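Here are a few short exercises to work through with the model open beside you. Try each task before reading its solution.

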Amino acid sequence: MHKKLFTGLLGLSLLAPAFAFAQLGPANTDVRPAATTELRANATTTRPNIDATAEERMRRAKALAGQEIERRLRALNATAERVEKARRLNDSFKAELRTDLNSETNNLNTLRARIEAGEDPETLRADVQSITRSHRVFALVVPQAHIAAMAGRVVTITAIMSEMGGKLKARTDTAAAAGEDVAALVAALESLSAHIDSANAHARAAVQGTSSLEPDQSDTAVLQANQAALKAAREELRLAHQDIVEGRADIRIIIDGLKAFKPAEPTTDDTPAPAESEPAE
Amino acid sequence: MYISKLVIAIYIVLVLLLGGVGLWAAGAFDGLTSALNLDILNPQEEMAEEQEQPQEPQNELMTGSNASDQALEQDVNQLDAELEAFNESSAELDSSLEDESIEQEY
């Protein structure tokens, strides 16, 4: 509203000199011919100035719109790459995320082409305003995809920790059989197991809370619900991260404890690494 | 007269029933049921097919089942690398949550 008022006032102030010259022109022709000539000259030079100003405003509007669209497209591409690399997301969910991201990318590309080609001020104004409105969709689909990708990474990390837990338990059992005091290591193993379960639960909650969110279609209540869901998922992922960090600390305690039992290491499976872990030739 | 007509009718019904059962047993209606796409009839088969596909990779550790001290340290390094990537993703998520549109003029 204020922007429209300001634009209107700006337009009026630019038109004012031409209006004044037009009022003076014909009435004073016989009285002051020299002045009239000068005024007419002024009037003819003012019109191109007005056109030039309008063109400059359109050019500037297009440039700003282009910057914003380009910025969003870069973010959408980066997010799409994250989703593609997320191995732990199932194919159908990944396809849904891909569809949302592609749809938003296509919308922005279409809008950019229309704005770049736009010559009608009213159409351009509407297109420029739609950039701001469409930010709500962008601000939903990008975090939604990031949350899904991060939850997938949590599952990957906890799988690593779980496999390590299996090795560490076997080594701990061997140490216990050899008469070592493994009470602290057993406690750390139990803690590790609890952190793995907790991290997975938080990751699952993050995805479940956001996977079905839909754009708000300018509905403020839906917008607020979406924002609350995204923030809640962010908190779930923060808690998952905390579990992972604490689980990693448990792993460190167990490894250091096992090393202190030397020379009992290693009595469990000590087979060479599998083929895929070897450097590619 | 009435009884004989009744007997003939019962006979015809029995023949039709037996014929129908025979055709069903021979699979003559399979084409019809598949044409109707009665998926709801075989949910167990579909579930069994889905379960046959592995959902996740079984091994994440590059050291496999090697439980030596050295392998465990490599596992920790792998874990740390994943954690670092998680932190990068976390920063990107925060950035996307705080994202604001460039103010447009016109």
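**Exercise 1.** Decide whether A:Q144 is buried or exposed.

*Solution.* Start by counting neighbours: A:Q144 has 26 other C-beta atoms within 10 Å, so A:Q144 is buried. (Buried means 20 or more other C-beta atoms within 10 Å of a residue's own, exposed 12 or fewer, and partly exposed in between, with C-beta atoms placed from the backbone.) This is a predicted model, where local features need pLDDT of at least 70, side-chain atom pairs count only at pLDDT 80 or more, and totals for chains, interfaces and linings use all residues. Residues are numbered from 1 along each chain as its sequence is written, while chains are lettered from A and ligands numbered from 1 in the order in which they are written.

**Exercise 2.** Find the surroundings of A:Q144.

*Solution.* First, place A:Q144 in helix 4 of chain A (helices are DSSP runs of H or I, at least four residues, numbered from the N terminus). Next, leaving out residues up to four places away in sequence, A:Q144 touches A:T210 and A:L213 (contact means C-beta atoms, placed from the backbone, within 7 Å). Finally, A:T210 is one of the buried residues of helix 5 of chain A, and those buried residues pack against helix 4 and helix 6.

**Exercise 3.** Work out which helix of chain A gives the most to the side that touches chain B.

*Solution.* Begin with the totals: 53 residues of chain A contact 33 residues of chain B. Helix 2 (33–85), helix 4 (121–177) and helix 6 (220–260) of chain A each supply at least two residues of that side of chain A. Helix 4 gives the most, with 24 residues.

Key: Contact = placed C-beta atoms within 7 Å.
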